[in-house]
Amino acid sequence: MSKPPAIQLIGLTKRFDRVTACDRIDLEVNRGEILALLGENGSGKTTLTNMLSGIYQPDAGSILLDGKKAYIRSPRDAIRLGIGMIHQHFKLVEVLSARENILLGQAGLIRIPPVEAVRTFGMKVDLDKKVYQMSVSEKQSVEILKVLCRGADKLVLDEPTAVLTPQEILNLFDTLGKMRGEGKAVIIITHKLDEVMAISDRVTVLRRGQNAGTVFTEDTDRYSLTERMVGRPIDLEVRRAEAPLGQTLLKVEQLTARDPGGRPLIQDVSFTLRGGEILGVAGVAGSGQKALCEIIAGLEKPTSGSVFMEGQRIDGLSPREIIRHGVSMAFIPEDRLGMGLVGGMSIPDNLLLKTYRDQKGFLLRRKGAREDAVRMISQLNIQTSGLNARLSRLSGGNVQKVLLGREISLSPRVLITAYPVRGLDIGASMTIYDMLNEQKRKGVGILFVGEDLDVLLSLCDRIMVLCAGRVSAIVESRFATKALLGMKMTGLVTDKEDEYA
Amino acid sequence: MTGFWDQTSAFLYAAILASVPLLYGTLGEILTQKAGNINLGVEGMMYLGAVFGFLVGYGTDSLVLTLLSGFLAGAAGALIYAFLTVTLKANQNVSGLTLTIFGTGVANFLGEKAKMNAPLGTAFMSDRLRSFMSPMDLGAFSRLPVIGPLLFQHSIMTYLALMAGVAMHLYLKRSRPGLNLRAVGENPAAADAMGVPVAAYKYVHILIGGGLCGLGGVYISMVTCLGNWQPNIIAGQGWIAMALVIFASWKPLRAILGSLVFGALSVLRLYIPKSLIDIPAALFSMLPFVVTCLVLVVSSIRMRREHQQPAGCGVNYFREER
């Protein structure tokens with residue numbers, strides 16, 4: 001017990017209106033240590049980190065840095081005090097280069113030249129590239145470089161792995177390990193228990209804004225962490241529902257699409273989807289998943305190829321006509337405020353967006369939608385302050401439940417869902433998987449675009465792997481392995497060697 | 001042949017004269033928008049600059065005080081706008097439009113009042129004061145054949161505007177505050193997270209932008225209108241400057257070129273003989289806007305992120321919003 005902890009929080013409290021987001025939280029992180037912060041959506045993790053980075057001001061409690069009481073009134077203060085915050089939503093200026101983004105702010109704050117930081121921490125970043133031309137993981141590297149160059153020795157990462165591929169996550173952990181070696185204090189927020197176990201030294205669990213205990217990672221396991229987080233034991237097993245295979249619903253043939261610049265988005269994609277089946281789609285981010293979903297839903301037009309729904313050709317129809325054919329889509333983009341939801345409107349009004357056409361007359365009748373909303377809120381356990389609350393006030397997980405819940409309420413026969421658990425905690429994720437399985441039992445055909453290979457393997461019946469816009473394999477998940485999928489995703493195996501397809 | 005050349009030369013000279021107030025307004029608005037604020041009050045701030053420049057010049061006979069009061073009047077208008085949008089987070093479009101209406105009203109009221117109080121019912125700036133706006137003698141340059149009279153026989157405000165354009169270009173491209181400013185305009189949250197004082201940057205640049213618009217107004221009352229107050233003196237030039245910002249794709253150097261083009265378009269009518277083309281004057285005054293539309297079409301086809309409006313424009317920044 002020589003040195004005081006790098007970061008120590010004592011009784012930190014923050015209220016929004018009537019909600020207490022952080023309730024008397026105590027927490028400490030030492031130098032050369034990685035602390036994982038675990039908690040469900042809306043448990044106060046992001047609020048806590050925002051107080052550390054000077055974005056929110058605490059209502060009560062104090063922050064001690066290296067044993068000294070600190071007042072962090074602005075992000076500027078935070079930087080001065082050596083706190084480096086990596087936000088979940090990147091704070092980068094898109095039209096500037098990586099270097100320009102790093103050099104932003106006051107002149108005297110840069111302690112390490114960018115080039116040197118890139119070398120020390122072994123990062124793969126082209127400093128002269130414009131941010132808007134970068135991949136998600138490159139952008140994240142720039143974010144990390146930004147704080148490292150400012151000599152930050154206390155790093156806070158808010159869900160850094162949510163948008164990364166497995167390989168990129170390993171690279172990130174490698175960087176984090178180097179930081180730990182340099183004696184930096186690191187707080188990492190993540191929902192993925194495997195990652196907590198892999199990278200952290202200690203874990204602090206938050207539940208409903210309160211500290212539900214801190215444990216050493218080596219003394220705990222995934223199950224007891226989940227129990228601590230949710231407050232009750234929870235089944236972590238993602239199960240494949242058994243359902244009789246139905247008719248072929250969706251048939252996609254030789255689908256090809258190009259972006260306005262003429263580069264192929266997807267090429268010669270063909271597959272079929274039957275009722276009572278979940279077809280997973282795996283692939284590195286940007287392999288054509290978005291184009292595929294949007295073409296089937298009618299938002300984009302293919303260059304060639306065709307889409308059939310129960311034998312009827314639907315490509316080229318308007319989204320509304322395609323919905324009439326029973327095809328519904330729930331796409332969670334990276335910014336998470338779902339496609340087709342309006343943040344400034346309430347849940348009932350968002351439900352009405354898809355159903356108002358079925359009403360007659362000029363005036364809206366809200367009653368039905370309000371009833372549907374009440375049912376959905378209780379069924380899916382959506383945390384909201386009331387029916388009239390703006391959707392943007394809900395936490396990300398709850399917004400996603402609304403999006404998926406609305407699509408399901410239309411009783412589609414084909415459900416396209418992309419990244420439905422993006423950024424969700426384990427409990428909410430399980431709810432979403434249950435929802436999908438329930439639809440499957442009802443005979444719905446589900447196209448599930450996912451990120452987590454473990455989940456794809458255990459939830460889906462078959463998995464289609466996309467690699468640079470082409471289908472590199474369609475495998476039965478019972479016979480597939482993570483390694484195989486990973487190789488197919490990166491195109492390391494040619495079709496000829498493939499025995500599983 | 002000499003007749004044609006004289007005519008062309010006179011046209012180009014008039015184009016440069018007409019381009020100067022546009023350049024001031026455009027540069028002011030570029031600086032404002034680079035800070036992430038759209039100020040639709042350019043017209044109003046030019047009016048404020050015109051009337052206060054005129055009144056102070058009329059009263060004190062001092063060039064420095066005239067320019068200074070024009071600048072400050074524009075900046076004061078911008079201060080109202082900045083307070084409304086940056087501090088109170090009011091809607092930018094509404095605030096800017098209000099400023100235009102306010103500035104137009106104030107200027108016409110004060111200007112007319114000064115005119116009525118003047119001995120002969122017309123208020124003129126003194127010849128001594130206006131002589132400062134006569135072409136400067138730049139020595140050998142001014143006596144160069146052809147380009148001498150065209151380029152090197154202008155008033156101090158013309159050169160001041162050019163210098164402002166070049167200085168702004170260097171500031172935005174090369175300096176650290178310029179980089180920070182661009183970040184504020186593109187993504188204030190990112191700039192804030194990096195410790196850039198967002199509100200201070202917005203205030204400073206909106207105010208300087210307003211001051212530049214005010215100088216444009218001074219130019220109109222001193223040079224364009226020969227030091228004589230006239231009702232509705234700005235006559236929509238502030239709006240043309242707004243269009244020029246888009247035409248210049250938010251680049252100060254292109255604003256210099258753009259204001260020349262628009263200046264030429266605005267005087268074109270006077271230099272095309274009726275015998276050659278006989279179309280109504282209204283069609284001529286439409287030209288700058290037609291050209292702006294064409295530029296918008298072309299630039300949206302090119303779709304380069306660097307050539308577009310700063311992404312944060314029009315949205316007020318509130319740190320704790322989620």
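This passage looks at the domains of chain A, the contact between chains A and B, and one helix of chain B. The structure is a predicted model, and every value below is computed from it.

A good place to start is the layout of chain A. Its domain assignment gives two parts: domain 1 covers residues 7-230, and domain 2 covers residues 248-497. Taken over C-alpha atoms, the centres of domain 1 of chain A and domain 2 of chain A are 31 Å apart. The two domains meet through a contact to which domain 1 of chain A gives 13 residues and domain 2 of chain A gives 17 residues. On the domain 1 side of this contact, six residues are nonpolar, five are polar and two are charged.

Chain A also touches chain B. Here, 22 residues of chain A are in contact with 20 residues of chain B. Two helices of chain A, α2 (75-80) and α3 (98-103), each supply at least two residues of the side that touches chain B. The largest share of that side comes from α2(A), with three residues. Sorted by class, the side of chain A that touches chain B holds 14 nonpolar residues, together with three polar and five charged ones.

Turning to chain B, helix α8 spans residues 176-186 and is mostly covered, with eight of its 11 residues buried. The buried stretch begins with B:Leu179, B:Asn180, B:Leu181 and B:Arg182. B:Ala183, B:Val184, B:Gly185 and B:Glu186 of α8(B) are buried as well.

Conventions:
Residues numbered from 1 in each chain as written. Chains lettered and ligands numbered in written order. Predicted model: local features only at pLDDT ≥ 70, side-chain atom pairs only at ≥ 80, totals over all residues. Domains from an automatic or database assignment. Contact = placed C-beta atoms within 7 Å. Nonpolar A, V, L, I, M, F, W, Y, C, P; charged D, E, K, R; others polar. Buried ≥ 20, exposed ≤ 12 C-beta atoms within 10 Å, placed from the backbone. Helix = DSSP H or I, 4+ residues; strand = E, 2+ residues; numbered from the N terminus.
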